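I opened this structure to see what could be read from it. These are my notes, in the order I looked things up.

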Amino acid sequence: MANPIQFIQQTRAEVSKIVWPTRREVILTTITVFIMAALTAVFFALVDILIRSGLQGLLSFFG
């Protein structure tokens, strides 16, 4: 078992090494995530429409 005081000192030393993102970086990353999510949603919506149309056409052809 390690010394608790030494553990706290090491933890503080590691936390001080963290480089936090700037406000601008956070905003740009957030905007990028929203844009990519919207593009992904549009892509899957289009794929869904194409598959649905294809299946409806196939079922109406044989039905």
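The entries below go from the whole chain down to single residues.

**Entry 1: the whole chain.** I noted at the start that this is a predicted model. I counted the elements and found two helices and zero strands in the protein chain. I then looked up the radius of gyration, which is 26 Å. The globule rule gives 11 Å for 63 residues, and the value here is well over that, so the chain is more spread out than a compact globule. Along its principal axes, the C-alpha trace spans about 75 × 35 × 10 Å.

**Entry 2: burial.** How much of the protein chain do buried residues make up? I found 0% of the 63 residues. The cut-off for buried is under 20% relative accessible area. The protein chain exposes about 6200 Å², and carbon and sulfur atoms supply 73% of that area.

**Entry 3: the end of the chain.** I looked for G63 and found it in the segment after α2, a helix that covers 23-62. G63 is exposed, because its relative accessible area is 95% and the cut-off for exposed is over 50%. I also checked its distance to A13, which is 50 residues away along the chain. The C-alpha atoms of the two are separated by 71 Å.

**Entry 4: the annotated region.** In the UniProt record, an unreviewed entry, I found the feature "transmembrane region" at residues 26-51. I compared this with the model: over residues 26-51 the chain is 100% helix and 0% strand. The C-alpha atoms at the ends of this stretch are 37 Å apart.

**Entry 5: a nonpolar patch.** Which residues make the nonpolar surface patch of about 470 Å²? I listed I27, I31, I35, M36 and L39. I picked I35 for a closer look; it lies in helix α2. I35 has 47% relative accessibility, so it counts as partly exposed.

**Entry 6: aromatic pairs.** My search for paired rings gave two aromatic pairs. In one, the ring centres of F43 and F44 are 5.1 Å apart and the planes stand at 70°, so the pair is edge-to-face. F43 counts as partly exposed because its relative accessibility is 48%, whereas F44 is exposed at 52%. The cut-off between these two classes is 50%. F61 and F62 also form an edge-to-face pair, with 5.0 Å from centre to centre and 80° between the planes. I checked F61 and F62 for exposure, and both are exposed.

**Entry 7: salt bridges.** Side chains of opposite charge can pair when their charged atoms come close. I searched the whole structure for such contacts and found two salt bridges. In one, the side chains of E14 and K17 meet at 3.2 Å, N to O. E14 is partly exposed, with a relative accessible area of 48%, while K17 counts as exposed at 57%.

**Entry 8: the salt bridge in α2.** How far apart along the helix are D48 and R52? I found both in helix α2, four residues apart, which is about one turn of the helix. Their side chains meet in a salt bridge of 3.3 Å, N to O. D48 has a relative accessible area of 41%, so I entered it as partly exposed. R52 also counts as partly exposed, at 44% relative accessibility.

Notes. Residues are numbered from 1 along each chain as its sequence is written. Side-chain values use heavy atoms; hydrogens and water are left out. Buried means under 20% relative accessible area, exposed over 50%, partly exposed in between (1.4 Å probe, protein chains only). UniProt positions are given in the numbering used here, feature names are shortened, and annotations may be inferred rather than shown by experiment. Patches are made of residues with over 30% relative accessible area and no salt bridge: like charges are joined within 9 Å, nonpolar side chains (Val, Leu, Ile, Met, Phe, Trp, Tyr) within 5 Å. Accessible areas come from the Shrake-Rupley method with a 1.4 Å probe; for residues, only the protein chains shown count as cover. A salt bridge is a side-chain nitrogen of Lys or Arg within 4 Å of a carboxyl oxygen of Asp or Glu. Rings of Phe, Tyr and Trp (its six-membered ring) pair if their centres lie within 6.5 Å; planes under 30 degrees apart count as stacked, over 60 as edge-to-face and the rest as tilted. The radius of gyration is taken over C-alpha atoms; the globule rule is 2.2 Å times the number of residues to the power 0.38.
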